[in-house]
Amino acid sequence: HSQNHSQTQTKAIRGAQINTRISPSKVHTDAFTSLVSSVSSSWQQHHKKSTSTSLNSSSSSSSSQLHASKVSSSQSSSTSTSTTTTPLTPPPPLHFAMDATGLIHLTELEQEIFSTLMDVVHTNKLNLTLRVAGGWVRDKLLKAEMKKVDIDIALDTMLGREFAELVNDWLEKHHKERHSVGIIQRNPDQSKHLETARMMVYGLWIDLVNLRTEKYTHDSRIPVIEIGTPYEDAMRRDLTINACFYNVNNNTIEDYTGRGLSDMKKRSICTPLPPLTTLLDDPLRALRSIRFASRLNFSVDPALSKAVSDVRVHQALLTKVSRERVGTEVDLMVSSKKPLQALGLICELGLFDVVFQLPDASRLKQPVSKTLACEAMGCLINLDSILHHHMEEKEPLTEEEIRIARFSAFTAPVAGHMYTTERNRVTPVAKHILQDQLRIRSKDVEIITKVHAASLQF
């Protein structure tokens, strides 16, 4: 991290060009490609034929009753009552639901769980559609590694806690293990905008929540929530690749945005609504977009890149999002398999100063380099080289040790830099960045600052 290496590090970064826009290897089956083509064709025909299409669903009557029940999140700190709404294009008809056979491989456990849930529906004669939502669907379609399997199921005509109790009644009746139902109350600060029922079924955690639609105020990322339709739920999600449903009732993939499947095929990160609208509604999505791009080795759509770089999004990220949430996203990036791509995109899209905030310049004991972002990436590149090329014969580091090493390397350019706190205490700048701003665990920050102190001895 010494000053005389900064030019070399700059060249290394520019030469490496942390780039997620490379041509990926083919990972999709012929069935998936055929499905995407069919969806794209149907979507074009739909827009030619109609400008106002109503959603045809067997559960629409019951769903509309729930839709009238508004669920407002707590916003005691918000003074604005105006909301931003974006007119949605007409929802696609249900022929966008495609047979999932050959596209999604269910494990024996997943088959048993879905069979049980559908038996509960039929036994109780429920007018209810079960849709698996979010990351499970995306990772199944992409054949991506799933270290931790959590299944999020969206319900259209009844509350999660009510259905969970019916599931437990069924398990007890069939002499199977019954589990208590955990109710996760609404907690907008943790992105829990509707009550969620959580239960274990055959050893796997299942989350049950309602389909929803959202309206945002101008000065908060915490929306006002209403029960919604599948289309509304899909369009309010952060990315198109996270907006597909797996319909358990009829074993189909539903792509209500009309773009989710094609964006997976193109390996592109896009938003269901115009990018600037999506990011200003919830600026944390700027970091989520970067994290998914690096994790999946996808490219960021040019329109989304432009929106992420917008100063209005940067300002909103500073004012509307808690630092804990920002820190969580950064921690996930640093702990991932591709931290160079993620942190490189943060620098490329102008988010470095927003994410890694320094103390006020008047409190610094010595000025910080104007090329701090470049130097930070250089140190991370050097660490990556060491881990991959110079430690093959040594005992491998644990995942936690690698995480600490990466944070230490990325903040190495401010090693030895101190500032004066409001309580007139002289404190490492790295501690301000990691602990005060990103809310990294204090014991981890203590180790990192000790690594910095040791490095200064060489």
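Buried means under 20% relative accessible area, exposed means over 50%, and partly exposed is in between (1.4 Å probe, protein chains only). Keep that scale at hand for this tour.

This is a predicted model, in which local features need pLDDT of at least 70 and side-chain atom pairs count only at pLDDT 80 or more, while totals for chains, interfaces and linings use all residues. Residues are numbered from 1 along each chain as its sequence is written, and side-chain values use heavy atoms, with hydrogens and water left out.

**Stop one: the cysteines**

Start by selecting Cys347. With a relative accessible area of 23%, Cys347 is partly exposed. Now look for a partner: the closest cysteine sulfur belongs to Cys374, and at 8.5 Å from the sulfur of Cys347 it is too far for a bond. A disulfide here is a pair of cysteine sulfur atoms within 2.5 Å, and the structure holds zero of them. Add Cys379 to your selection; its nearest cysteine sulfur is also that of Cys374, 9.9 Å away, and Cys379 is in no disulfide. At a relative accessible area of 9%, Cys379 is buried.

**Stop two: helix 5**

Next, select residues 135-142, which make up helix 5. Helices (H or I, at least four residues) and strands (E, at least two) are DSSP runs, numbered from the N terminus. Seven of the eight residues of helix 5 are buried, so the helix is largely enclosed by the rest of the structure. Those buried residues are Trp136, Val137, Arg138, Asp139, Lys140, Leu141 and Leu142. Step past the helix to Lys143, which follows helix 5 and has a positive phi, near 55 degrees.

**Stop three: Trp136**

Go back into helix 5 and centre on Trp136. Its relative accessibility is 2%, so Trp136 counts as buried. What surrounds Trp136, once neighbours within four places in sequence are left aside? Show the contacts (heavy atoms within 4.5 Å), and you will find Ile104, Leu106, Glu110, Phe114, Met146, Val149, Asp150, Ile151 and Tyr246 around Trp136. With Glu110, the side chains make a polar contact at 3.1 Å. Such a contact is a pair of N or O atoms within 3.5 Å; within protein, one must be able to donate a hydrogen and the other to accept it, and residues adjacent in sequence count only if both atoms are side-chain atoms. Then add Asn242: it lies 106 residues from Trp136 in sequence, with 8.9 Å between the C-alpha atoms.

**Last stop: Thr427**

Finally, select residues 426-428, strand 16, and find Thr427 there. Thr427 counts as buried, at 11% relative accessibility. Not counting residues up to four places away in sequence, Thr427 touches His417, Met418, Tyr419 and Thr421.
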